[in-house]
Amino acid sequence: MGYIAGIGAANVDIRGRSEQKLIMGDSNPGTLYTTLGGVCRNICENMALLGANVKLVTVLGDDDNGRAILRGCEQAGIDISCAR
């Protein structure tokens, strides 16, 4: 059987939310949230969740974020054997 190849970005999206109204030029306690992202990775994940045989061709860093993307792709059923 064939497969769908996604060639493109995979990254970790980081967003923050202040606990109170922002004060410019000062410390603002809050919370950071991370989610797996990248348009190509997101499309591959949705295709895999729909049952498609998907391979993601991308480049990842050898760091915590890169390893998180690898784990997330494996859990979603995305073949990442072509990732560098």
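Which residue's side chain meets that of Glu 45 in a salt bridge? Please keep that in mind as we look at this structure, which is a predicted model. The partner is Arg 41, with nitrogen and oxygen 2.9 Å apart. Both residues belong to helix H1, where they sit four residues apart, or about one turn of the helix. Their surroundings can be read from the accessibility values: Arg 41 counts as buried because its relative accessible area is 2%, while Glu 45, at 25% relative accessibility, counts as partly exposed.

Let me stay with helix H1 for a moment. Its buried residues are Cys 40, Arg 41, Cys 44 and Ala 48, and because these cover an arc of only 95 degrees around the axis, they lie on the same side of H1. That buried side packs against strand S1, strand S3, strand S4 and helix H2. If you turn the helix around in your viewer, the face directed away from the buried side carries Val 39 and Leu 49, which are exposed. Just after the helix comes Gly 51, which has a positive phi of about 100 degrees.

From here we can move to the largest nonpolar core, which has 14 residues, and in which Cys 44, Leu 56, Ile 69, Cys 73, Ile 78 and Ile 80 touch the most other members. Two or more residues of this core come from each of helix H1, strand S4 and helix H2. A good residue to click on is Ile 78, which, if we leave aside neighbours within four places in sequence, is in contact with Arg 41, Cys 44, Glu 45, Ala 48, Val 54, Leu 56 and Cys 73.

With cysteines on that list, you may ask how many disulfides a search of the whole structure finds. The search finds zero. For Cys 44, which is buried at 3% relative accessibility, the closest cysteine sulfur is in Cys 40, and since that sulfur is 4.2 Å away, it is too far for a bond. Cys 82 is in no disulfide either, as its nearest cysteine sulfur, the one in Cys 44, is 11 Å away.

Let us return to the salt bridges, of which the structure holds four. One of them joins Lys 55 and Asp 79, whose closest N and O atoms are 4.0 Å apart. Because Lys 55 lies in strand S4 and Asp 79 in the segment after H2, this pair ties together parts that are 24 residues apart in sequence. Another brings together the side chains of Asp 62 and Arg 67, at 3.0 Å from N to O, and these two residues are linked with Asp 64 in a network of salt bridges. Within that pair, Asp 62 is exposed, with a relative accessible area of 74%, whereas Arg 67 is partly exposed, at 35%.

I would like to finish with Asn 11, which is found in strand S2 and counts as partly exposed at 28% relative accessibility. Which backbone nitrogen does the side chain of Asn 11 reach? The nitrogen is that of Gly 38, at 3.1 Å. Not counting residues up to four places away in sequence, Asn 11 touches Thr 35, Leu 36, Gly 37, Gly 38 and Ile 69, and the last of these, Ile 69, is one of the core residues I named earlier. Finally, Asn 11 and Val 59 are 48 residues apart in sequence, while in space their C-alpha atoms are 9.5 Å apart.

How values were computed: Residues are numbered from 1 along each chain as its sequence is written. This is a predicted model: local features need pLDDT of at least 70, side-chain atom pairs count only at pLDDT 80 or more; totals for chains, interfaces and linings use all residues. Side-chain values use heavy atoms; hydrogens and water are left out. Buried means under 20% relative accessible area, exposed over 50%, partly exposed in between (1.4 Å probe, protein chains only). Contact means heavy atoms within 4.5 Å. A polar contact is a pair of N or O atoms within 3.5 Å; within protein, one must be able to donate a hydrogen and the other to accept it, and residues adjacent in sequence count only if both atoms are side-chain atoms. A disulfide is a pair of cysteine sulfur atoms within 2.5 Å. A nonpolar core is a set of buried Ala, Val, Leu, Ile, Met, Phe, Trp, Tyr and Cys residues joined through side-chain atoms within 4.5 Å. The arc is that of the directions from the helix axis to the C-beta atoms.
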